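Thanks for coming, everyone. Today I would like to walk you through some aromatic contacts and the core packing in one model, so please have a look at it while I talk.

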Amino acid sequence: MTPSLHLHNTLTRAIERFEPLAGPGGAVTFYTCGPTVYDDAHVGNFRAFLAADLLRRTLELLGHRVVHVMNITDVGHMTEDDRADGGGEDKMALAGRRLLEAKKAGTLPEGTSIDPGDPYAIADFYATRFLEDARRLGLAVAEEAERDPSLMPRPTRFVPQMIELVERLVANGCAYVAGDGAVYFDVQSFPAYGRLSGNSLEALRAGEGGRVSASNQSRKRHPADFLLWKPDPTHLMRWPSPWGEGYPGWHLECSAMAAARLGPEIDLHSGGEDNVFPHHECEIAQSCCGFGVERLARTWFHVRHLFVEGAKMSKSRGNFFTARDLFAKGATPAAVRLELLRTHYRTNANFTLQGLEDCRRQIERWCRIDAALAEASASARENDSAVAGPIERALDDFTASLCDDLNVAGAIAALNRAAAEDRGEACPIRERRALRRMDSVLAVLDRNDAIACDDGLAAAVEPLIAARTEARRTKDWAESDRLRDELLALGVEIKDGPTGTTWTRRVAADS
C-alpha cells in the first residue's frame, strides 16, 4: 500500500494528510512563486525553489501526476515590496544601472549584448540565466518548461487577465478607485484577510498595514488596502487600462497566472516565508473575491530562511553566493542541490562551503554504488525470487521519511544505511532500480559534474587568490594588498576566514 504524504499547512498551522482536490488519480495542481528576473538568483532563492521541487518529486514518487507552475516575474517590482502596496524605485531600473556600470567596467560576461535601458531585454537576459541555473540544479518545472513554456508564465504576457481581475473586483465592491486614480483592494470586504499570516485588521491598522507609505495612506480606506493598479504614464513598464496607462500591483500577477494555467482553486501554493505577508495574504484575498472561491489553495507550503556561514547573506560580509558563483568555484550542481535541500524546509538552514564539500563526497559515494550496480546489471538477469537487497529494502524507509512532512534528513539516512551494507547477494538490477527511484527525488546522480565557468573569471581569480595567500603567509603585506586591488579590479570581492579565502562577483551597491 502506497503511504500518504502528511504536510504542514501554513494556513491551518497543522500537519495534514494531503489529498488532491481532484480525488484519487486526479492531477495535483501546484503553483510556486518564482524569481523576479532583475538579477541572478542567489542560494537563498534557490533553497525555496528546490524545496518546492522536492515536494513535487515526492508527490510523483507516490504516484501522483503533478501540474507544477512557477512564474518568472519580468515586471519590475519595487524596492520596498515588503510594503503592502509597494514603494521605492523600480528594480528593473536598478538592474539597468547595474548592467550599465558593468558594461563600462568591462565586467559583463564575454559575448553579452544587452541594452541597459530596455527592461524587456534585461528581463530576458536574467530569465535565460535563471533557467540555465534552474535546469542545472534539477528543477523539474524548468526542465518540463522546455517542452511546455506555459508552465513558467511571465506577467508581461498576462496583463489583460490582470486587468480583467481588477475589473471584477471593482464591480463586486471589493476594490475601489482612489482620488489619484489608483485602484486598491478593500481588505474590509474580505473578513478572512490576515488568516494566513496571523494578522488582524485592527493590528494592521495600528501598524499602518505592513509599512504603508504616508503618501498612499491618505488615499486609502484602510491602511492595509493594497494596490491593484497604479496609473503612471512615466513608469518604465506600463500598459493601457480603464484606469489610465500604468502598471499592476505586484500581488496581482500570481493570482491571474495561477487561475489562467491551473484554475481558480488549486492544491498547493509555495514560496519563501517572506512571501506569507503581504504577498500571499493579498493573493488569497483578490483570488477568492475575484473568482468567487472559498480558498485559493488547499495547502500553503513555506520555506524558512537560509543563512550562509552562520550569518545573513550580505555582499559586504563576502557570504553572498549565486548559483553561478558556486559553479565558477568548481561546485557541482549536485552538491549545491543537496546542500540546499538536506535541512528540513521548516528550519532555518545554514549553507557552508564545508557543507558543500561534505555533500560532494556523499554524492560521489552514491555515484560509485550506482556505477557498480550498473556494471553488475549488464551481465545479470533480474531475479524476482531473490531476497530484497539493502537498497531495495531502504526504499520504504526513504519514502516513509519523505511522507513525514518531507523529512529529507531521514530519507538520506535511510539511503546511507543501505549504502553501507553488503549487497553481494542482492539482485543488482532491483538494487539499482531502487537507488534510481530514490534519486528521482534527490536528483543528484546525473548532476555530479562541474560546470565550466561561463566567462573564465575563475581561471583568472584562483591563481591570484593562491598568490595572495602565499604573500600573507610570508607577511608580504604590500604584495597582499596589491593582489587584493587586482582582484577588485576584476570585479570580485574577497573574504579571509579560518578555512581560507572565499570570493564572489562584486555587484553594485544599489542592487
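**Aromatic pairs and the nonpolar core**

Let me begin with two residues, Phe 46 and Phe 49, which are both buried in what is, I should say at once, a predicted model. Both of them belong to helix α1, which spans residues 43-61, and they sit three residues apart, or about one turn of the helix.

How many aromatic pairs are there by the ring-centre rule, which asks for centres within 6.5 Å? The count comes to ten. In the pair formed by Phe 46 and Phe 49, the ring centres are 5.8 Å apart and the planes stand at 85 degrees, so this pair is edge-to-face, given that planes over 60 degrees apart are classed that way. Phe 130 joins these two residues, and ring pairs link Phe 46, Phe 49 and Phe 130 into a cluster.

Turning to the core, which residues touch the most other members of the largest nonpolar core? That core has 138 residues, and the ones in question are Phe 46, Phe 130, Phe 185 and Phe 398. Helix α1 gives the most to this core, with eleven residues. Apart from it there is another core, of nine residues, among them Leu 464, Leu 487, Val 492 and Trp 503.

Coming back to Phe 46, and leaving aside residues up to four places away in sequence, its contacts include Phe 130, Asp 133, Ala 134 and Leu 137, as well as Ala 323 and Leu 340.

Finally, there is a charge over a ring to mention: Arg 221 lies over the face of Tyr 176, at 3.9 Å from the ring centre.

Conventions:
Residues numbered from 1 in each chain as written. Predicted model: local features only at pLDDT ≥ 70, side-chain atom pairs only at ≥ 80, totals over all residues. Heavy atoms only, no water. Phe/Tyr/Trp six-rings, centres within 6.5 Å; stacked < 30°, edge-to-face > 60°. Helix = DSSP H or I, 4+ residues; strand = E, 2+ residues; numbered from the N terminus. Buried < 20%, exposed > 50% of the residue type's maximum accessible area, 1.4 Å probe, protein only. Lys NZ or Arg CZ within 6 Å of the ring centre and 35° of its normal. Core = buried A, V, L, I, M, F, W, Y, C linked by side-chain atoms within 4.5 Å. Contact = heavy atoms within 4.5 Å.
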